[in-house]
Amino acid sequence: MGNLKLKGKDILKLGYPNNQSVNVALEVMKRNFATKNIHYVKSLLKEILIHPEQFEKDLTFGQIAETLLSSKKTEKRMLNSQRANFQIFGNNISEEAKNQLYTALKLPVSVQGALMPDAHSGYGLPIGGVLAVENAVIPYGVGMDIGCRMSLSILDTPVSYLNGARDKYEKALAEHTKFGMYETHKSHIDHEIFDRDTFDLIPILRRLKGKAIKQMGSSGGGNHFVEFGEVEITEEDEQIGLPKGKYLGILSHSGSRGLGAEIAQYYSRVAVEQCPLPKEAQQFAWLDLSTHLGLEYWTAMNLAGDYASACHDDIHRRLVKAVGGRVKARIENHHNFAWKETHNGKEVIVHRKGATPANENELGMIPGSMTAKGFIVRGKGNPDSLNSASHGAGRAHSRGECRSLFTQNDIKKELKLKDVTLMGGNTEEAPMAYKDIYEVMNAQSELVDILGTFQPRIVRMDR
């Protein structure tokens, strides 16, 4: 923690009450002022003690002020006996995923929920789960990969180039995309996101800034990908601004990398300490948005979402530079996030974990698998789904099941059948691991209109 020789008894001598405020003050000062003179640190603590209300909204000292102003004990929250209203879209959804949503719907802060047709069980809220709550945010309801998103660039390059110059496109993916925990680009652009003072205001973000710079423009492991493929526009939409026809496209799926993962881990742990719940609901521990910690997580989550978007911009910029052509349209949407929205005349926080925002006329991209078509969609703003849709086809088999069910040979056969080149990937992401995307799309015809498709041709994933 550095060289600061501050002890609990020093803080008590300043006049702090003998309660949680001493531990909080000790942690905050050691975290932020490890190299500062102890007399300077004590003078700051004295000032906060005298006027805590002046520091309540301060991102560094707010937590100390809040603890001083609040003498409430952390009491265990009980679940409601009744579930909040919900709707389930689609039939092919496991009981485990449904039960995870049912538990979330009994939280005292829950207002409404929904399950998308690609839903399957996850940690806390199921993947494909949507949950609206009052004035609170649930770190595990957002998920580990904050702001994970799909991004599609449609180019003016003739689609025939994908076959005619396949080697060129494979080479671009091999040289200009990076995956997993250890691959990073040698050179980096100066992105405006790193100039934001948010990185300096919150200690965990200050610590993670170097990692975020290093991982810029890279993709995660697992089901994250970057693909070249055939876009077909089947319905004209003025937001896309392209006539019907076929185009060459770049589609990427990735999130906020180590930055988002560490924010999620830290605040999930903090939420559990702040919000004790019965064992079956502990992963739904929330942070009240009226508190310093709630505000801190909300700020960090939004930064991670913007960082994920910046990563996609960088991925697409590098590939377009390598293969040529101009971007005629861009469609992107994120999941694993929480939004402030108004539903039924009330402001709520809507968590979409592996679910896509589908507000009226909002564009989105819902992929299938490494061989199946994905769909360009326009939201219908259906209130029963809290204006949401699926974020993909959804898993039919867990990663563990895939390792025993499928072989590399099975994948090769499927790739050959669909004329898809795969770079990297493993049996956990086999095309057969996923639900039938056509069934999933049929189950959400009330949620989105289909404007076009994306057929993968050259797919790059982590090895």
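How many helices and strands does the secondary structure of the protein come to? The secondary structure comprises 15 helices and 17 strands. The legends below refer to a predicted model.

**Figure 1. Overall dimensions and surface of the protein.** The radius of gyration is 24 Å, close to the 23 Å that the globule rule gives for 463 residues, so the protein is as compact as a globular protein of that length. Along the principal axes, the C-alpha trace spans about 75 × 55 × 45 Å. Buried residues make up 55% of the 463 residues. The exposed area is about 20,300 Å², of which carbon and sulfur atoms supply 47%. Among contacts between residues at least 6 apart in sequence, 76% join residues at least 24 apart. The protein carries 58 positive and 55 negative charges, and their mean positions are 7 Å apart.

**Figure 2. The largest nonpolar core.** This core contains 58 residues, of which Ile 146, Leu 205, Leu 259, Ile 263, Tyr 267 and Tyr 297 touch the most other members. The elements that give two or more residues to the core include helices H5 (95–104), H10 (203–215), H11 (257–274) and H12 (292–323). Strands S2 (110–120), S3 (127–133), S4 (136–137) and S10 (337–343) are also among the elements that give two or more residues. The largest share, 10 residues, comes from H12. Apart from this core lies another, of 47 residues, among them Met 116, Leu 152, Phe 225 and Phe 406.

**Figure 3. Surroundings of Ile 263 in the largest core.** Ile 263 is one of the residues that touch the most other members of the core. With neighbours within four places in sequence left aside, the contacts of Ile 263 are Ile 146, Ile 204, Leu 205, Leu 208, Tyr 297, Ala 300 and Ala 304. Of these partners, Ile 146, Leu 205 and Tyr 297 are also listed with Ile 263 among the residues touching the most other core members.

**Figure 4. Helix H4 and the residue Thr 67.** Helix H4 covers residues 62–69, and its buried residues are Gly 62, Gln 63, Ile 64, Ala 65 and Thr 67. These buried residues pack against helix H2 (20–32), helix H3 (38–50) and H12. Thr 67 has 15% relative accessibility and therefore counts as buried, the limit being under 20%. Beyond its neighbours within four places in sequence, Thr 67 is in contact with Gln 20, Ser 21 and Val 24.

**Figure 5. Cys 275 in the loop between H11 and S8.** Cys 275 is placed in the loop that links H11 to strand S8 (287–288). Because its relative accessibility is 0%, Cys 275 counts as buried. Neighbours within four places in sequence aside, Cys 275 is in contact with Arg 77, Gln 282, Ala 285 and Trp 286. Measured against no contact criterion but by C-alpha separation, Cys 275 and Ala 34 are 29 Å apart in space and 241 residues apart in sequence.

**Figure 6. Gly 249 in strand S7.** Gly 249 belongs to strand S7, which covers residues 245–254. With 0% relative accessibility, Gly 249 counts as buried. Residues up to four places away in sequence not counted, Gly 249 touches Ser 153, Glu 227, Phe 228, Gly 229, Val 231 and Phe 454. From C-alpha to C-alpha, Gly 249 and Leu 173 are 13 Å apart, with their positions 76 residues apart in sequence.

How values were computed
Residues numbered from 1 in each chain as written. Predicted model: local features only at pLDDT ≥ 70, side-chain atom pairs only at ≥ 80, totals over all residues. Heavy atoms only, no water. Helix = DSSP H or I, 4+ residues; strand = E, 2+ residues; numbered from the N terminus. Rg over C-alpha atoms; globule rule 2.2 N^0.38 Å. Buried < 20%, exposed > 50% of the residue type's maximum accessible area, 1.4 Å probe, protein only. Contact = heavy atoms within 4.5 Å. Areas by Shrake-Rupley, 256 points an atom, 1.4 Å probe, with all protein chains shown as cover. Lys, Arg positive; Asp, Glu negative; His and termini not counted. Charge placed at Lys NZ, Arg CZ, Asp CG, Glu CD. Core = buried A, V, L, I, M, F, W, Y, C linked by side-chain atoms within 4.5 Å.
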